[in-house]
Amino acid sequence: NPALTKIGAQMSNLTGVRAIMKDIIETLRAGAGQQFINLSAGNPLILPEVEQLWRDCTAELLASSEYGEVVCRYGSSQGYAPLIEAIADDFNKRYGLNLSDRNILVTPGSQSLYFYAANAFGGYTNSGELKQIVLPLSPDYTGYGGVCLFPEALIAYKPTLDIDATAHRFKYRPDFSQLSITESTGCVILSRPSNPTGNVLSDEEVKKIAALAAPYDVPVLVDSAYAPPFPALNFTEMMPVFGGNIIHCMSLSKVGLPGERIGIAIGDENLIHVLECFQTNLCIHPSRYGQAIAARAINSGALVEISKTVIRSFYQNKFTILESTLDATMPKDLPWFLHRGEGAIFAWLWLQDLPITDWEFYQQLKQVGVIVVPGSTFFPGLQEEWQHKQQCLRISLTGTDEEIATAMQRLAKVAEEVYQRA
Ligand code: PLP
C-alpha cells in the first residue's frame, strides 16, 4: 500500500451516505432470495417520457452536423456554448434577468461544483486563517461532508423546529439567533428543496441568509438540484433567487441525465471565473454530449414542460401515498413527526424519544424487508451532541406505490414494537 498524504487518507474514507450504501449493497447481496423493498436510493426512477425526451434529442443530434463537433473536439472550460446560451436565454426571459455567458459555468455534475467552491472559498488563506464553509440548516445533503480538503472548515447549524403535534408534522427553519456569518466565513451552502428533508426555505429566508453574507462578500451557493424550472420537484410555491453574492446551482441529474454528469452554476462573473479556473485545473471541461442534448431540450421548452407535467406530479403522488399510509397506520399516541413534504424525492421521518438509535432502527427495518437510510448521516459539519440526529430516517420516494404503502405499514409496526418494548 502506498503511503498516503493527509488529503489522500481523508479522500479514501467513505463518508456519509456512501458508507451506508456499502452496507445496503452487502445486505441485498447476502439476502439473495429475500425480497427487500429498497427505499434508500438517491437515484431517480427512469420515467418513460423523460427517457423518450433524451432519445429524441440524441436522434436529432446524431442526424446533425453538430455531432462530430460535440464528441470529437475539446471544448471551452466554461462549458458548451449552445447550452450556456440556451440557459441564458431561457432564464433571462423566465425570470427577467440580464445574464450573459460570463455568468454561467457548466461542470461535470453539481457535486464537483460544491467541491470547487468548498476549496476555493473554504480552507486556509495565504495568511493561515481558516475560512469556514457554513451549512446554515442541518440536516442537509450528505455529499457536502466530503467536499472539503480541510474538514475542520465545515460547520453546520442546528435548526429550529415548527411542530404540529396533532397532525404529526414538522418543519425545520434556519435558526437566525444562532447562525453566524462573519469575516471568517468562506462560503455558505444549502439545498433548496432539501435532500434529505424535502424542506424548502422560503424566498425571504434565502434572501436573509444572502444579506447576512453580503457585507463580507461571502458567496452563498443555493443547491437547486430539485428546484424549478427543472426538475421542478417543488410541491410548494418557490422562486429561485438570483443576483449579488448568490450562486444558483443546478443539476440535470433529476431530469434523467445523472450519468451524463451535468451541473450548472449561475452567478456573478468574478465568482464564476474562480470556479471555472478550478475546473480547468481539475478536468479541463465536462463532457459535451450531454450538454448538447440538454441545450436542445431547453431551447424547445420540452425539459421545463416535462418537469412540470410529469416529474413533479409523479413524486408528489408518491409522497401523498407515503403520508396517507403513515397517517392510517402509525399509532396516534406515538411522538412521530413527518417533515412537511415541500419537494425533492424523499420523505424525512422524525421519531422523537426513539428508545434505540436510528442505526438500530434501520437494522430492525431490514429484518422486515425494508431498507431506508438512517438519518444521522445527514448532519455533516454538526459536531454538537443532539439526540435528534439519532431519531430520523430518510425514505426515498423511488418505490412503486405498493412498495411505499407496504413499507410504511411495516415501519409503523416496527415503530410500535420499539416504543412498547422501552
Ligand atoms: N445536491 C443535492 C441536494 C443532491 O441531492 C445531489 C444528488 O443526489 C447532488 C447535489 C449531486 O448531484 P449531481 O452531482 O449528480 O449533479
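**Exercises on helix packing, sheet and domains**

Let's start with a pair of helices in this predicted model: α6 and α8 are roughly perpendicular to each other.

**Exercise 1.** Work out how α6 and α8 pack, and which residues meet.

*Solution.*
- Take the ranges: α6 spans residues 110-121 and α8 spans residues 269-283.
- Now the geometry: the helices pack at an angle of about 110°, and their axes are 10 Å apart.
- Angles of 65 to 115 degrees count as roughly perpendicular, so this is the class of α6 and α8.
- Next, find the residues: Leu-113, Tyr-116, Ala-117 and Ala-120 of α6 meet Val-274, Leu-275, Phe-278 and Gln-279 of α8.
- Sorted by class, this contact has seven nonpolar residues, one polar and no charged ones.

**Exercise 2.** Trace the open sheet and find the strands at its edges.

*Solution.*
- Follow the order of the six strands, β6-β7-β12-β13-β16-β15, and note that the pairing is mixed.
- β6 (160-164) and β15 (373-374) each have a single partner strand, so one side of each lacks a neighbour in the sheet.
- Look inside the sheet: β12 (residues 336-339) pairs with β13 (residues 346-351) in the antiparallel sense, over three bridges.
- Leu-338, for example, has Leu-349 in β13 as its bridge partner.

**Exercise 3.** Describe how domain 1 touches domain 2.

*Solution.*
- Begin with the bounds: the domain assignment gives domain 1 as 6-49 + 306-421 and domain 2 as 74-302.
- Their C-alpha centres lie 24 Å apart.
- Count the contact: 39 residues come from domain 1 and 41 residues from domain 2.
- On the side of domain 1 that touches domain 2, α10 gives the most, with eight residues.
- By class, that side has 22 nonpolar, twelve polar and five charged residues.

Technical notes:
Residues are numbered from 1 along each chain as its sequence is written. This is a predicted model: local features need pLDDT of at least 70, side-chain atom pairs count only at pLDDT 80 or more; totals for chains, interfaces and linings use all residues. Two strands pair if DSSP finds at least two bridges between them. Helices (H or I, at least four residues) and strands (E, at least two) are DSSP runs, numbered from the N terminus. Axes are lines fitted to C-alpha atoms, for helices over the stretch in contact, and angles run from 0 to 180 degrees between N-to-C directions. Angles under 35 degrees count as roughly parallel, over 145 as roughly antiparallel, 65 to 115 as roughly perpendicular and the rest as oblique. Two residues are in contact if their C-beta atoms, placed from the backbone, lie within 7 Å. Ala, Val, Leu, Ile, Met, Phe, Trp, Tyr, Cys and Pro count as nonpolar, Asp, Glu, Lys and Arg as charged, and the others, Gly among them, as polar. Domain bounds come from an automatic or database domain assignment.
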